[in-house]
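This report walks through one protein model, strand by strand. It then turns to a helix, a single residue and the contact between chains.

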Amino acid sequence: MTKVGVVTFPGSLDDGDAREAIRFLGGEPVRLWHKDADLQDVDAVILPGGFSFGDYLRTGAIARFSPVMQGIRRFAEAGGPVVGICNGFQILCESHLLPGALIRNRSLRFVCRWVDIRVESPVSPLTAGVKTGTVLRVPVKHGEGQFVASVEDLARIEGAELVAFRYCAPDGSVDEVANPNGSAGSIAGIRNERGNVVGLMPHPEHAVDPDLGPVGGEPLLVSLLEHCMARAGS
Amino acid sequence: MGFAGVEDVRVGKHIELTIEADDEAAALDSVRRIAEQVLSNPVIEEYRILESEATGR
């Protein structure tokens, strides 16, 4: 069974839902504590949402120094699939495993609502099994989700097709109205150049059970599990 | 609110560090490294080290 490690930092909130979503979709969730440098032979790692270390200095700034991040850096360098969701995305940016940063929403208000996102690249563990252009309904809930990067980094992100997801209207069109936080290029998530590390602000783990609402997260996490199985089989 | 002449406003963080070091240069070097590696994110922030004051312990 595919083992997916879900890291718990002090202040993580969505680690429970991430584990439950993995279990719901047929994977085996493994609890990883932020002080564990050993990843227990997991096939993939999820850095979940929440407010690690209270987000007091900057989102993700302290979590980056947790011992588990050394193991995750080695795991990522070896090609292991790493997914950062919300605060996890912020941690990946602070760790320089992904380019750019997340700053206060342009509205300066916390945003908590359903959004539609369009899959932009098949080169990531979350999107390998999802057709590019697919529109998925998933929730966002964040105060600091506005993706920014330097002019050079943004050009590189767009040029190398590192954008994994963009906020969009239900019909898939990208415009500022559908952009919940003012992110550059309506970017909701990006991947690294190798394609094994991906981060996104929306929460796929909150959208897998049809009894609880839209299930836009299901194809993404199914893709992650299938991607792990394919890696294990190769 | 009746305050004329305000053309711009910004809010930032002011962080005070007390450093134990052999001399002022070494202390400033520590502060610079801490500012670069922890206290600021160069993608979105810039920092200035304002002043130092030897306590002469």
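Start with strand 3 of chain A. A44(A) and I46(A) point one way from this strand, V45(A) and L47(A) point the other way, and all are buried. In a regular strand the side chains alternate between the two faces of the sheet. The model is predicted.

**Neighbours of strand 3**

Strand 3 of chain A pairs with strand 1 (residues 3-8) of chain A. The two run parallel and are joined by 3 bridges. Strand 3 of chain A also pairs with strand 4 of chain A, again in the parallel sense, over 3 bridges. Strands of a sheet pair through backbone hydrogen bonds, either parallel or antiparallel.

Strand 4 of chain A has its own split of side chains. V82(A) and G84(A) point one way, V83(A) and I85(A) the other way, and all are buried. Strand 4 of chain A also runs parallel to strand 11 of chain A, with 4 bridges joining them.

The table lists bridge partners from these pairings.

| Residue | Partner | Strand of the partner |
|---|---|---|
| V4(A) | A44(A) | strand 3 of chain A |
| G5(A) | V45(A) | strand 3 of chain A |
| V45(A) | V82(A) | strand 4 of chain A |
| I46(A) | V83(A) | strand 4 of chain A |
| G84(A) | G199(A) | strand 11 of chain A |

V45(A) thus appears twice: it is the partner of G5(A) and stands opposite V82(A).

A helix links two of these strands. Strand 3 of chain A, helix 2 (residues 67-77) of chain A and strand 4 of chain A make a right-handed β-α-β unit.

**The whole sheet**

In chain A, 9 strands form an open sheet in the order 2-1-3-4-11-10-9-6-7, and the pairing is mixed. Which strands stand at the edges? They are strand 2 (28-33) and strand 7 (135-142) of chain A. Each has a single partner strand, so one side of each is left without a neighbour in the sheet. From one strand to the next, the twist averages 25°.

**Helix 3**

Helix 3 of chain A covers residues 87-94 and is mostly covered itself, with 8 of its 8 residues buried. The buried residues are N87(A), G88(A), F89(A), Q90(A), I91(A), L92(A), C93(A) and E94(A).

What do they pack against? The buried residues of helix 3 of chain A pack against strand 3 (44-47), strand 4 (82-85), strand 5 (101-103), strand 10 (187-191) and strand 11 (197-200) of chain A. Just after helix 3 of chain A, H96(A) takes a positive phi of about 65°.

**Q146(A)**

Q146(A) lies in strand 8 (residues 146-148) of chain A. Is Q146(A) buried or exposed? Q146(A) is buried, because 24 other C-beta atoms lie within 10 Å and the cut-off for a buried residue is 20 or more.

Leave aside the neighbours of Q146(A) within four places in sequence. Its contacts then include L102(A), I103(A), R104(A), N105(A) and R106(A). N181(A), G182(A) and S183(A) are also in contact with Q146(A). Q146(A) and L47(A) are 99 residues apart in sequence and 19 Å apart in space, C-alpha to C-alpha.

**Contact between the chains**

Chain A and chain B touch. The contact takes 10 residues from chain A and 5 residues from chain B. On the side of chain B that touches chain A, 4 residues are nonpolar, 1 is polar and none is charged.

Definitions and conventions. Residues numbered from 1 in each chain as written. Chains lettered and ligands numbered in written order. Predicted model: local features only at pLDDT ≥ 70, side-chain atom pairs only at ≥ 80, totals over all residues. Contact = placed C-beta atoms within 7 Å. Nonpolar A, V, L, I, M, F, W, Y, C, P; charged D, E, K, R; others polar. Buried ≥ 20, exposed ≤ 12 C-beta atoms within 10 Å, placed from the backbone. Pairing = 2+ DSSP bridges. Axes fitted to C-alpha atoms, helices over the stretch in contact; angles between N-to-C directions. Right-handed = clockwise from strand over helix to strand, strands pointing away.
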